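This report looks at how the helices in one part of a chain are arranged, after a short account of the chain as a whole. Please keep the sequence and the structure in view while reading.

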Amino acid sequence: MEYTVNKLAQLSGVSGRTLRYYDEIGLLKPARINSSGYRIYGQKEVDLLQQILFYRELEFSLEEIIDIINQPEFNQTEALKSHSAHLKKKRDRLNKLIITVEKTIAAREENLEMTDKQKFEGFKEKLIKDNEQKYGKEIRNTYGDETVDASNAKLKGMSQEDYQAMTNLGEEVFELLERASATGNPASELAQELAAKHKEWLMYSWADYSKEAHAGLAEMYVADERFTAYYDKKVKNGAQFLRDAILIYVGMQ
């Protein structure tokens, strides 16, 4: 079977505009252009579009997908197996969220009591999932699977009070970062209070603490553009200032 842009759009649910954009950026090129100037897609392109949609469902960026499918060793069968595994994990997380919502509805309608742990199970699962997807590879390479798994387990077992305290402390860290960075001095009393609060925030999810691990994480905030963007979007040059404050706090600068 061969498809024009419009026919492939109807088949896949992807808009014709999106298919043209995928062509422009080199993500999904048509098999050929016919004599009338129409893009024509064959079975190979249909299969590749399916892969692209799987990756999009798993929240990969277009840039990441281009890198993946252009790798010489890219294998569609192995990719499908990987998609299946990831989608099953995503399904399990969604099921837990659905169960949490349904339990909450039942509790409200029937005046039933939910434990604090039940109320927050789904949200903690989502937090762990988001962290794994955004930073999991780098964190695991740096600290090892055992350390990261222990951290995730600690987060899963967190009470409502601790979960809320961690959330509040995270907001306090950003407030302190804004105030401390305005001084321009990472060794200031306010900056060192910031570093101490950051350590306190980490300990809600870290199983153990070491100055070396804290310093290593601080360096990652500057070395990895995703971490940098996370802090810099709220405070200009916030990641670097926080890194410097932490290194002073742990005695490594």
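How much area does the chain expose, and what share of it do carbon and sulfur atoms supply? The exposed area of this predicted model is about 15400 Å², and carbon and sulfur atoms supply 49% of it.

## Overall make-up

The chain contains 12 helices and 2 strands, and when it is read along the sequence the elements follow the pattern α-α-β-β-α-α-α-α-α-α-α-α-α-α. Of the 253 residues in the chain, 36% are buried. Among contacts with a separation of 6 or more, 61% are made by residues 24 or more positions apart.

## Strand β2 and residue R39

R39 belongs to strand β2, which covers residues 39–40, and with a relative accessibility of 23% R39 counts as partly exposed, given that the buried class is reserved for values under 20%. When its neighbours within four places in sequence are set aside, R39 is in contact with Y3, T4, V5, R20, D23, P30, R32 and I33. One of these partners, R20, is 19 residues away from R39 along the chain, and the C-alpha atoms of the two are separated by 8.8 Å.

## Helix α7 and residue K156

K156 lies in helix α7, which covers residues 145–156, and is partly exposed, with a relative accessible area of 41%. Although K156 and S205 are 49 residues apart along the chain, their C-alpha atoms are separated by 9.1 Å.

## Helix α12 and its surroundings

Helix α12 covers residues 238–249, and its 12 residues should span 16 Å at 1.5 Å a residue, a figure that agrees with the 16 Å between its end C-alpha atoms. The expected value follows because the rise is multiplied by one less than the number of residues. Is α12 mostly covered or mostly uncovered? The helix is mostly covered, since 9 of its 12 residues are buried, namely G238, A239, F241, L242, R243, D244, A245, I246 and L247. These buried residues pack against α8 (160–181), α9, α10 and α11 (225–232).

Residues with positive phi are found both before and after this helix. In the loop between α11 and α12 lies N237, which has a positive phi of about 60 degrees although it is not a glycine, and which is partly exposed at a relative accessible area of 47%. After α12 comes G251, with a positive phi near 80 degrees.

## Contacts of α12 with α9 and α11

The axes of α9 and α12 come within 9 Å and cross at roughly 85 degrees, which makes α9 roughly perpendicular to α12. On the α9 side the contact involves A191, Q192, L194, A195, A196, H198 and K199, which meet F241, L242, A245, I246, I248 and Y249 in α12. By class, the residues of this contact of α9 with α12 divide into 10 nonpolar, 2 polar and 1 charged.

The packing of α11 and α12 has an angle of about 100 degrees, with the axes 7 Å apart, so that α11 is roughly perpendicular to α12. Here T228, Y231 and D232 in α11 meet G238, A239 and L242 in α12, and the contact of α11 with α12 has 3 nonpolar, 2 polar and 1 charged residues. L242 takes part in the contact of α12 with α9 and also in the contact with α11.

## Helix α10 and its contact with α9

Helix α10 has 13 residues, which should span 18 Å at 1.5 Å a residue, and the distance of 18 Å between its end C-alpha atoms agrees with this. Its buried residues are A213, H214, A215, L217, A218, M220 and Y221.

How does α10 (residues 211–223) lie relative to α9 (residues 189–202)? Their axes come within 12 Å and cross at roughly 105 degrees, which makes α9 roughly perpendicular to α10. In this contact A195, H198, K199, W201 and L202 in α9 meet H214, L217 and Y221 in α10, and the residues divide into 5 nonpolar, 2 polar and 1 charged. The three residues that α10 contributes, H214, L217 and Y221, are buried. On the α9 side, A195, H198 and K199 meet residues of α10 and also residues of α12.

How values were computed. Residues numbered from 1 in each chain as written. Predicted model: local features only at pLDDT ≥ 70, side-chain atom pairs only at ≥ 80, totals over all residues. Heavy atoms only, no water. Axes fitted to C-alpha atoms, helices over the stretch in contact; angles between N-to-C directions. Helix = DSSP H or I, 4+ residues; strand = E, 2+ residues; numbered from the N terminus. Parallel < 35°, antiparallel > 145°, perpendicular 65-115°, else oblique. Contact = heavy atoms within 4.5 Å. Nonpolar A, V, L, I, M, F, W, Y, C, P; charged D, E, K, R; others polar. Buried < 20%, exposed > 50% of the residue type's maximum accessible area, 1.4 Å probe, protein only. Areas by Shrake-Rupley, 256 points an atom, 1.4 Å probe, with all protein chains shown as cover.
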